[in-house]
Structures are given as structure tokens and as C-alpha cells.
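Please keep the model open in your viewer and make each selection as it is named. The stops follow one another through helices, a contact between chains and two peptide bonds.

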Protein chains: 2
Amino acid sequence: MDFTSEQRFDDGVLERSFALGEIPGILWTPASTSAPAPLILIGHPPLGLDKIYPRLVARARYYAAEFGFAAATIELPGSGVRPRWEASEQARADLRRVMQAGEPVGAEIVDALVLPLVEKAVPEWQTAMDALLALPEIGGPVGFEGGIISIGIRLAVVDPRIAAANLFAGSLVPGVMFEEAREVTIPLQVLLQWDDEGNERQEALNLYDAFGSKEKTLHANLGGHAGVPEFEVEAGARFFARHLK
Amino acid sequence: MDFTSEQRFDDGVLERSFALGEIPGILWTPASTSAPAPLILIGHPPLGLDKIYPRLVARARYYAAEFGFAAATIELPGSGVRPRWEASEQARADLRRVMQAGEPVGAEIVDALVLPLVEKAVPEWQTAMDALLALPEIGGPVGFEGGIISIGIRLAVVDPRIAAANLFAGSLVPGVMFEEAREVTIPLQVLLQWDDEGNERQEALNLYDAFGSKEKTLHANLGGHAGVPEFEVEAGARFFARHLK
């Protein structure tokens, strides 16, 4: 893990860009690091880190400044500055085509879009965890939050370092991930946008129902895909504060 | 409003029992009352105040000590020390009979059980608000929370002093209240127990859907009717802190 640049904000939070081999990422740590900080991995949709940086930095600084968490993210395979791969580009093009035509998004497209991404991204998040947890200022346990719920599900199943997850039930979810959700046992908070234009409400409720966790809370809010209320950032932080400290 | 007894707890919170005509009630206020405190009205199921006092006092003290809220409750008509009335006793007996027989609870029983209670209880809560808001240590705005969601719905519709409500979608809800829910416009938090044995999950989701409020958040948790997780007390207080201050 090579740090490539850093800046310190007014609130004392230190932001460091890093490269993990070919994977770019960003780490935010609190001003005071008297004890190793718990780590939150911030997931995101495949739009490129540059594009979603404003959203990411706002919540990461809040976590670090208000709760003393470290927060980190890495670029998804095939997004931002990372090389595209053909199957993924094809699946994205197929998705755009059926959505523009107003057709339902078939299971094959969802599988082709999401499953290879899960296969590639999950080991990368694990490599990032290895490197981040080796830093003296970061301790366990680890929380995962945010976009591409299938990545969160797989990580929660395969990596025991993930102690809690705050997931967004707003992505296209392959049928096989509903089965995998039954194997998740860590505490969960699940966000649902009640009028999500890209997501079947009943499917999201079924996914919440499927999770095997004893503690799982659904936070549904009125509004579309991008309309998650600001107060859910605090609710997410408090959820992690209960489970990561 | 006559205060009938008082005690002060270790955390400085003052508890006062009162009588409002024939209606007994309890008021909790914070230790420091430099500014008038916002008021939370704590609703509850019709089991009698004496019986549910331990639950009520725990959350009321938390609200007062941690958030500086005043909190108050009154006995429901027909419960606790208050006189029974025949139609209500008949409806309760009918409910017990069909539930013991494992039969579905028909709409007539729900209506007979809940609607007269709403008609009687809502003006009483309003009278209590008149008296409580006249105390110098209590200011507006007012939040309503807790059991018998139909009472919360009606109060939110008819009384503009109610600025926010944290409701429990776990009661038997008359069909007509779904219509009334559309008229509710204040910010809402709605609790749902996912495996509530006395409540149809889909009906609770329909009720959440029906509310006319622009800000409405559903908090669903795994477990039965009485299994609301402890952390929802804090989530409720933070919801009120956003809207009552």
C-alpha cells in the first residue's frame, strides 16, 4: 500500500490517497489516534471514485470527526481510472438498452452485470482490509456500508472481520444472492428507498426478510433512489458505534 | 390539573403524578429547566398505567435526562383505575374469544374495539396538552409516540400542536384509519415488528405507505410484538430531537 497524496481538513481529519497495486483508494482517519480506530469500508455504485468523491468525503469526515472511526474506500474494478473489461461493458450496455426501451431488466442481465463484479471486487476489499488493518492507527472490527448490496452480502459471508453492515437495498440483486443472504449472521441495517425507480420494493423487502441475522433493522424512507435522507448518515454511524466499539 | 405526588430520581428527573378531573397521569421533567422543554406524549396499550409503569418510566427518564424533553402520559378510558364501559368490555371479550379460537379478527371487532377508544381518548390527550403546555417549564412543540396507532393518527390529523410522531404499527387498525392516515402530514417514524404475532405485516406496510407525510421512516426489526429492540428508544429520541427543537 503506497500513499500517493494527503491533506488535512479543518476538522483535523487526515485524508490519504493510496494505491494498492493497480487499485486506487482513499483513507480518512480521525485527528486524534490515541487508540486504534475501528474501520468502516465505504462501498459505492460503479460510477468512478472521482465522480462520487463529494458524497464519500462528507460521510467519511463525519465518521472520523464525530465518531472517531477510520473510513476507507477503493475503486471498483472496471470503474474510474481502472481498465474496463469487455463482459462488464457488454452487460452495462445491455442494461442501458432495456432501461431506455422501458423493458423489465431480465435475470440474465442482472447476473451478468453483478456476479462477475462481486467475484472481482470482494477479494480486492479483502486485500484492502489486510493493508488497512496493518496500519497502527487502525484496529478492528470492520463495518461495511453502501452500494452494490451483493458485494456487502458476499463480504459479510466470507470475511469474519466484517462485524456489521449498513447496506442499501437499491441495486439490482441476482437471485443467487438471496440464497447467500440467508448465510449472513452479522448485525445489519438495511436502507430502502420506498419509491426507488430502479428497484422493486417487494424484492427489497424479500431480501431484508432473507437475511439470516438476528439483529436486522430496515430503514425505509419515502423517495426515489437518490433521495436517502441526510439523517440516515447519523443513523448509520450510530449503528456502527453500537457494534464496532 | 392537580399534582398528587412527586419524587425526584438520581438523574435529577422529577416525576409527578397528576389528576386531570377523573383521569390520572404522570409527568416527567428534566432536572434543569432553564428553557421550556419540548413535550413528548407517551401513548401505550390499554393495560393500565400501573402495569406498564416500568416501561414508561424508563423511556421518560431517558428522554428527560439525556435530551431535556418533558414527557407525560395519561390513563386510557376504560383502563387501570378508570371505569369500564360496556361496549368496550364486550369488544375486548369478543377479541379474546376469536383469538383463543384461532379465528381471524374480523373488521367489526377491530372497529368496535378501537374506534370508540379513539373518540374518547383523543380529546383527553388534547385536554392534557392544554394543561401541560400551560406549565411554565413546558413549551411546545409536542411529539406523540407509542401504542394504539389509531390514536396517534387521529391526534396528528386534528391537533396542529403535534409536530412529529413515532408510532408503533403493531395494533389492530380499523380500515377507516387507513384513509385518515392519508391526511397526516407531520414527520413520522413508524416501528414495525417483522414477526408481530398480532399484526399482519402487509397491513402494516400498507399503513406506512398510506401516510401522507413527506418525511416518514419505517424502522422494521426482527421479532415479535413485544420484541422492539432497546436501541429504538434512542432512535426515537433522536427523531424527536430533530423535530422538536
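Begin in chain B of this predicted model by selecting helix α6, residues 201-210, where the buried residues are B:A204, B:L205, B:L207 and B:Y208. Looking down the helix, you should find them on the same side of α6(B), because they cover an arc of only 155° around the axis. Next, add α5 (175-181), β8 (188-193) and β9 (216-221) of chain B to the selection, since these elements are included in what covers the buried residues of α6(B).

Stay in chain B and select helix α2, residues 86-100, together with helix α3, residues 107-133; their axes come within 9 Å and cross at roughly 145°. The crossing of α2(B) past α3(B) is left-handed. To see the residues that meet there, show B:A87, B:S88, B:A91, B:R92, B:D94, B:L95 and B:V98 on α2(B), and B:I109, B:A112, B:L113, B:P116 and B:L117 on α3(B). If you colour this contact by residue class, nine of its residues are nonpolar, one is polar and two are charged.

Now select B:R59, which lies in helix α1 of chain B, residues 49-67. Is this residue, B:R59, buried or exposed? B:R59 counts as buried, because it has 20 C-beta neighbours inside 10 Å, and 20 or more is what the term requires. Leaving aside residues up to four places away in sequence, B:R59 touches B:I42 and B:V233. A distance drawn from the C-alpha atom of B:R59 to that of B:E234 should read 9.1 Å, although the two residues are 175 residues apart along the chain.

Move to chain A and select helix α1, residues 49-67, with helix α7, residues 231-244, whose axes come within 11 Å and cross at roughly 50°. The two helices, α1(A) and α7(A), are therefore oblique to each other, and their crossing is right-handed. On the α1(A) side the contact is made by A:R59, A:Y62, A:Y63, A:E66 and A:F67, and on the α7(A) side by A:V233, A:A237 and A:A241. Coloured by class, the contact of α1(A) with α7(A) shows six nonpolar residues and two charged ones, with no polar residue.

With both chains displayed, turn to the contact between them, which takes 11 residues from chain A and 11 residues from chain B. On the side of chain A that touches chain B, β9 (216-221) and α7 of chain A each supply at least two residues, and the largest share of that side, six residues, comes from β9(A). Divided by class, the side of chain A that touches chain B has five nonpolar, three polar and three charged residues.

For the last stop, look at the backbone, bearing in mind that most peptide bonds are trans. Select A:G140 and A:P141, and inspect the peptide bond from the one to the other, which is cis with omega near -15°; A:P141 is found in strand β6 of chain A, residues 138-146. Then select B:G140 and B:P141, which are likewise joined by a cis peptide bond, with omega about -15°, and where B:P141 has its place in strand β6 of chain B, residues 138-146.

Terms used:
Residues numbered from 1 in each chain as written. Chains lettered and ligands numbered in written order. Predicted model: local features only at pLDDT ≥ 70, side-chain atom pairs only at ≥ 80, totals over all residues. Buried ≥ 20, exposed ≤ 12 C-beta atoms within 10 Å, placed from the backbone. Helix = DSSP H or I, 4+ residues; strand = E, 2+ residues; numbered from the N terminus. Arc of directions from axis to C-beta. Contact = placed C-beta atoms within 7 Å. Axes fitted to C-alpha atoms, helices over the stretch in contact; angles between N-to-C directions. Parallel < 35°, antiparallel > 145°, perpendicular 65-115°, else oblique. Left-handed = near helix turned anticlockwise from the far one by under 90°. Nonpolar A, V, L, I, M, F, W, Y, C, P; charged D, E, K, R; others polar.
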